[in-house]
Amino acid sequence: MSKVEDLKRVEETGIVAVVRAENAEKALKITEAVKKGGIDAIEITMTVPGAVDVIKQLTDEYSKDEILIGAGSVLDAETARACILAGAEYIVSPSLDQETIEMCNRYQKAVMPGAMSVTEVVKAMKYGADIVKIFPATLFGPKIIKAIKGPLPHAPLMPTGGVSLDNVKDWIKAGSLAVGVGSSLSKGAKTGDYEKVTETAKEFIRLIKEARAEMA
């Protein structure tokens, strides 16, 4: 499966699950619960202890057809390379770093750097970003997507931070290619309720499909 196919898969599902956890065991459980809920693009953040090993374990256990595993909170090219060698198919960053983008393009892996302003979005695309992560999206709400899409209608944007069941349809309708969702998706894991994580994943997918149908 090529990078182009990976990106199409993210766009079709419309959501990337952002997995943050206190330990590797919980990260693996959240991943399994999210997968059961139908979200197959899952981002393991570098804030998870032993994150690179978690990525390696997941890519050993699951085929790429089952889960598209990526790495998040990647701050530099060295970390991106380590994640790619462990099996990550895409790299997500909270900030804009040209060397990280170049590293991903060298290995032909999808890269989603963080940006907030129009200037940063333009730079990200100039450097070779596949999707631009609008972060932290909660600062402005869905109106930031419409604002950026005004002068940059071709920009592939993925808001992350503050996306919830209450507003996900607004983010999609504003023009988001996909959304990145973390705490509002996995909050059930805090009490060990992984079935709730699965149900929340299903609800996110339902609402995204509903929003797209309403736009059609």
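In helix H2 of this predicted model, Ala27, Ile30, Thr31, Ala33 and Val34 are buried (under 20% relative accessible area with a 1.4 Å probe, protein chains only; exposed is over 50%, and partly exposed sits in between). Looking down the axis of H2, these buried residues fall within an arc of 165 degrees, so they line one face of the helix; the arc is taken over the directions from the helix axis to the C-beta atoms. That fits the usual α-helix picture: there are 3.6 residues a turn, so residues three or four places apart point the same way. Turned away from the buried side of H2 is a face that carries the exposed residues Glu25 and Lys36.

As for packing partners, the buried residues of H2 sit against strand S1 (15-19), strand S2 (41-45), helix H3 (51-61), helix H9 (183-186) and helix H10 (194-215), with contact meaning heavy atoms within 4.5 Å. Helices (H or I, at least four residues) and strands (E, at least two) are DSSP runs, numbered from the N terminus. Residues are numbered from 1 along each chain as its sequence is written. Since the model is predicted, local features need pLDDT of at least 70 and side-chain atom pairs count only at pLDDT 80 or more, while totals for chains, interfaces and linings use all residues; side-chain values use heavy atoms, leaving out hydrogens and water.

H2 itself covers residues 24-36, and its 13 residues reach 19 Å from first C-alpha to last, close to the 18 Å expected at 1.5 Å a residue (the expected span is 1.5 Å times one less than the number of residues). At the N-terminal end of H2, asparagine 23 acts as the cap, with a side-chain oxygen 3.3 Å from the backbone nitrogen of glutamate 25. After H2 comes glycine 38, with a positive phi near 100 degrees.

Now for the backbone oddities. Most residues other than glycine have a negative phi, and most peptide bonds are trans. Serine 73 goes the other way, with a positive phi of about 55 degrees; this residue is in the loop between strand S3 (68-72) and helix H4 (77-86), and is buried at a relative accessible area of 15%. Glutamine 108 also has a positive phi, about 55 degrees, and belongs to the loop between helix H5 (98-106) and strand S5 (110-112). The peptide bond from phenylalanine 135 to proline 136 is cis, with omega near -10 degrees. Proline 136 is found in the loop between strand S7 (132-134) and helix H7 (143-149).

Key. A polar contact is a pair of N or O atoms within 3.5 Å; within protein, one must be able to donate a hydrogen and the other to accept it, and residues adjacent in sequence count only if both atoms are side-chain atoms.
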